[in-house]
Amino acid sequence: MRSVPVPALAGSAGGPVVDADDETLMDLPSVEAAARAIIRNVETVIDGKRAAVTTALTVLLAQGHLLIEDVPGVGKTMLAKALAKSVHCSVSRIQFTPDLLPSDVTGVSVFNQVERRFEFRPGAIFANIVIGDEINRASPKTQSALLECMEERQVTVDGATYLLPPPFTVVATQNPIEMEGTYALPEAQRDRFMARISMGYPDTESELMMLDARDTASPLAGIEAVVSADQLRGMMTAVRGVFASAAVKEYTVSLVRATRDDRDLSLGASPRATLQLIRAAKARAALHGRDYVLPDDIDSLAVAVLGHRLVASSRVVGHHQDRGPVVDDIVRRIVAATPVPVGAPGHP
C-alpha cells in the first residue's frame, strides 16, 4: 500500500488547502481574541446559543469532529455553515441520502483513456472542514466510509492511501434516530466524534429577531472569514501546548473509568474518549486565556464528550425513546461523585 499526496483542492468557501508545515505561532491572548471574533461572527447567524457555538469552536480548535444532534429546523446546518465560513479554509458539504455511495464521499479511480491509466478523483471529503448534513440518512455502508477518514485522516482507494489536507474536521448533523428514514450511527462511528451538542429551541426573543433578520435574505450571505487558515492552525498549535497536570489527567482517567463500571451503563467510554476529553479541555482552557487545564474544564465538557459514546442499560432506559437525556444525567451523576484532585491547576 502506498501513500499518495492529493493536489490542493479549492473548497466551496474559496479558501486554500493549508500546508501542514506552515504554522503561525500565536500566544494565548491572540488565541482568545481570535476565538471571540469567530464566536461573534457565528452569533450574527445563530442567536442565543452561546454554549453550542463555544463548544463547536472548542472541538474545531482541538482538531476533533463534531456531531450536532437535534430535531429538524433548529439551526444545526446553519451553525455548521456559519462556523465553516468564519475561517478561511476549504469547505465542502455532503448531503447524506439513502442512495449516497461511499465513492461519493471518498472519491473514485477513473480510467484516463488518453494516458491509458487510472486517475484518482477526490471526493467531497477532501476539504479542511466537511459539513455532513443529516449523516444518519445514509446507509451504514456509506457511513462506514467515514471511519478511516475521521480517525486516521486519510482515504484508501484501490490500494493507494491519500492523505487528507490538514486541518481536517467533520461537522455532522443528524436528526434523532426515531425519525422516519434514518439509520442509527454505529458505536464505532459515534466514538470518532469528539463531542455531541444539541441546539434546542430558541427563546422567544431570539425567535422574534429571526423573523426580522431572515425575512428577505439568508444571514449566511453576509458572513465572511475572520480568521485565516494560518491563524487557525496557529490557534490549534497553541491549544496543543496547554498544560495538563498529572492530577488533572488522573482525574480524567478516573471519570472515564467510572463510566465502565457504572451499573446503569452497558457500554462505557473508550480510551479514545479519555484522550479527546483532555484535548477538548485544553481548547476550553485556551479560550478562557489559560495555559493550563482545570478540573472545571473537564467537568464542563464531560457530557458533550462522553454522552454520545455511552449506552444505558435497558433497566434504566425503560420505555424512553430518547436515551440521550438519560445518559447525560448519568454522566452528570458520575462527575458529581468523582473526587476532584487537590492542587490540579499547578504547573510542573
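A residue is called buried when its relative accessible area is under 20%. In this predicted model, buried residues make up 52% of the 348 residues in the chain.

Q: Why is Thr-173 called buried?
A: The relative accessible area of Thr-173 is 0%. The cut-off for buried is under 20%, so Thr-173 is buried.

Q: What makes the approach of the Thr-173 side chain to Glu-134 a polar contact?
A: The side chain of Thr-173 reaches the backbone nitrogen of Glu-134 at 2.9 Å. A polar contact requires a pair of N or O atoms within 3.5 Å, and the distance of 2.9 Å therefore meets that limit.

Q: Where in the chain does Thr-173 lie, and which residues does Thr-173 contact beyond its neighbours within four places in sequence?
A: Thr-173 belongs to strand E10, residues 169–174. Its contacts outside that sequence window are Ile-68, Lys-76, Thr-77, Gly-132, Asp-133, Glu-134 and Ile-135.

Q: Why is helix H1 called oblique to helix H2?
A: H1 (residues 28–43) and H2 (residues 50–61) pack at an angle of about 130 degrees, with their axes 10 Å apart. Roughly perpendicular covers 65 to 115 degrees and roughly antiparallel begins over 145; the angle of about 130 degrees falls in neither range, so H1 is oblique to H2.

Q: Which residues of H1 and H2 meet, and how many of them are nonpolar?
A: From H1, Ala-35, Ile-38, Ile-39, Val-42 and Glu-43 meet Arg-50, Val-53, Thr-54 and Leu-57 of H2. By class, six are nonpolar, one is polar and two are charged.

Note on methods:
Residues are numbered from 1 along each chain as its sequence is written. This is a predicted model: local features need pLDDT of at least 70, side-chain atom pairs count only at pLDDT 80 or more; totals for chains, interfaces and linings use all residues. Side-chain values use heavy atoms; hydrogens and water are left out. Helices (H or I, at least four residues) and strands (E, at least two) are DSSP runs, numbered from the N terminus. Buried means under 20% relative accessible area, exposed over 50%, partly exposed in between (1.4 Å probe, protein chains only). A polar contact is a pair of N or O atoms within 3.5 Å; within protein, one must be able to donate a hydrogen and the other to accept it, and residues adjacent in sequence count only if both atoms are side-chain atoms. Contact means heavy atoms within 4.5 Å. Axes are lines fitted to C-alpha atoms, for helices over the stretch in contact, and angles run from 0 to 180 degrees between N-to-C directions. Angles under 35 degrees count as roughly parallel, over 145 as roughly antiparallel, 65 to 115 as roughly perpendicular and the rest as oblique. Ala, Val, Leu, Ile, Met, Phe, Trp, Tyr, Cys and Pro count as nonpolar, Asp, Glu, Lys and Arg as charged, and the others, Gly among them, as polar.
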